[in-house]
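Open your viewer and get ready to click around. We'll go from stop to stop, picking something to select and looking at what is there.

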Amino acid sequence: MALSLRRGLALLALLLAAGAALARPAAAASFTVDSTLDAVDAAPGDGVCATAGAVCTLRAAIQEANALAGSDLIDFAVSGPFVLTLAGTGEDAAATGDLDIAPGGLTIAGDTAALSVIDGGALDRVFEVQASASLTLNDVTVRNGQSNVGGGLVSVGTLALNDVVVTGNQASLFGGGLYVAAGQTLITRALLSNNTAANDGGGLYLESGGVVRLVNVTVTGNTASGSGGGLFSNGAALVLFN
């Protein structure tokens with residue numbers, strides 16, 4: 001009976017271990033950008049950030065991260081600016097226009113905001129964070145994006161900006177720098193400057209579905225033809241610190 005009990009306990013331990021392994025999230029992937037070009041990944045989902053020219057661009061790294069499960073990391077081996085040049089709107093796979101962040105987790109870690117500059121090239125907004133997606137930007141500048149809403153960034157997911165500069169972006173409607181339509185947004189030690197909107201929220205526009213926290217954030221030099229040159233909240237839950 002003792003032997004049967006030991007065997008039963010051993011089998012139970014194996015089953016628990018197998019269940020735990022299945023419950024673990026997929027391993028995170030890490031990609032290092034080594035080119036300032038704007039080119040797509042040759043085979044998104046193969047785990048290798050490589051364009052047809054065998055370099056890892058920011059767009060290619062994002063496409064790989066979008067295709068893989070887990071919380072991924074992108075960092076930089078070269079300084080910017082990283083200028084978007086592949087024109088085209090209306091698709092959500094980061095293949096043209098803005099850099100679409102698909103459901104899942106992604107951190108983009110720059111060297112400093114002065115060195116890791118991501119430039120929209122005035123052809124589209126710079127980043128779009130989709131529903132159920134999570135994007136963390138550290139130590140980068142987001143500039144020169146243009147769109148109807150959210151010239152620099154638009155988010156309906158989870159967004160965190162740490163030591164980030166959002167500057168020189170334009171919206172033909174709302175949110176020149178950043179448009180938060182839904183989800184959670186945390187902005188820490190950031191600068192929102194010289195963004196413009198034709199209607200409301202030159203620096204930042206917040207819809208009622210969003211929850212936004214600003215900690216040690218400077219909002220300056222932004223303009224809007226309507227209301228809220230710096231910041232406009234359309235009923236969002238907004239918390240300000242310092």
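One term before we start: a residue counts as buried when its relative accessible area is under 20%, as exposed when that area is over 50%, and as partly exposed in between. Keep in mind, too, that this is a predicted model.

**Stop 1: confidence**

Colour the chain by pLDDT. The protein averages 90, and 89% of the residues score at least 70. Now select residues 1–27: here pLDDT stays under 50. For this stretch the model has three contacts beyond four places in sequence.

**Stop 2: the aromatic cluster**

How many aromatic pairs does a search of the whole structure find? There are four. Select Phe174 and Tyr205: their ring centres are 4.9 Å apart and their planes sit at 40°, so this pair is tilted. Phe174 belongs to strand S14 (residues 170–174) and Tyr205 to strand S18 (residues 204–215), so the pair ties together parts that are 31 residues apart in sequence.

Is each of these two rings buried or partly exposed? Phe174 has 22% relative accessibility, so it counts as partly exposed. Tyr205 has 5%, so it counts as buried.

Keep Tyr205 and add Tyr179. These ring centres are 5.3 Å apart with planes at 10°, so the pair is stacked. This pair also links distant parts of the chain: Tyr179 is in strand S15 and Tyr205 in strand S18, 26 residues apart. Both Tyr179 and Tyr205 are buried. Add Phe232 to your selection as well, and you have one aromatic cluster: Phe174, Tyr179, Tyr205 and Phe232.

**Stop 3: strand S12 and its partners**

Next, select strand S12, residues 158–162. Four of its five residues are buried, so to speak of it as mostly covered is fair. On to its pairings: strand S8 (residues 133–138) runs parallel to S12 and is joined to it by five bridges. Look for Leu137, which stands opposite Leu161 in S12. Strand S15 (residues 178–188) also runs parallel to S12, with four bridges between them. There, Asn162 has Thr188 in S15 as its bridge partner.

Zoom in on Thr158, which is in S12. It is partly exposed, with a relative accessible area of 37%. Leaving aside neighbours within four places in sequence, Thr158 is in contact with Val129, Ala133, Ser134, Leu135 and Gln184. Try the distance tool on Thr158 and Ser132: they are 26 residues apart along the chain, and their C-alpha atoms are separated by 7.3 Å.

Then hop over to Thr136 in strand S8. Its relative accessibility is 19%, so Thr136 counts as buried. Beyond four places in sequence, its contacts include Ala160 and Asn162.

**Stop 4: helix H2**

Select residues 58–67 to see helix H2, where nine of the 10 residues are buried. Among the buried ones are Leu58, Ile62 and Ala65. What do the buried residues of H2 pack against? Their neighbours are strands S1 (30–33), S2 (71–76), S4 (99–101), S5 (104–109), S6 (117–119) and S7 (127–129).

**Stop 5: a six-stranded sheet**

Finish with an open sheet of six strands, in the order S3-S6-S9-S13-S16-S19, with parallel pairing. Which strands are at its edges? Those are S3 (82–83) and S19 (218–220), each pairing on one side only. For a last look, select S16 (residues 191–193) with S19: they pair in the parallel sense over three bridges, and Leu191 stands opposite Thr218 in S19.

How values were computed. Residues are numbered from 1 along each chain as its sequence is written. This is a predicted model: local features need pLDDT of at least 70, side-chain atom pairs count only at pLDDT 80 or more; totals for chains, interfaces and linings use all residues. Side-chain values use heavy atoms; hydrogens and water are left out. pLDDT is the predictor's confidence in each residue, from 0 to 100. Contact means heavy atoms within 4.5 Å. Buried means under 20% relative accessible area, exposed over 50%, partly exposed in between (1.4 Å probe, protein chains only). Helices (H or I, at least four residues) and strands (E, at least two) are DSSP runs, numbered from the N terminus. Two strands pair if DSSP finds at least two bridges between them. Rings of Phe, Tyr and Trp (its six-membered ring) pair if their centres lie within 6.5 Å; planes under 30 degrees apart count as stacked, over 60 as edge-to-face and the rest as tilted.
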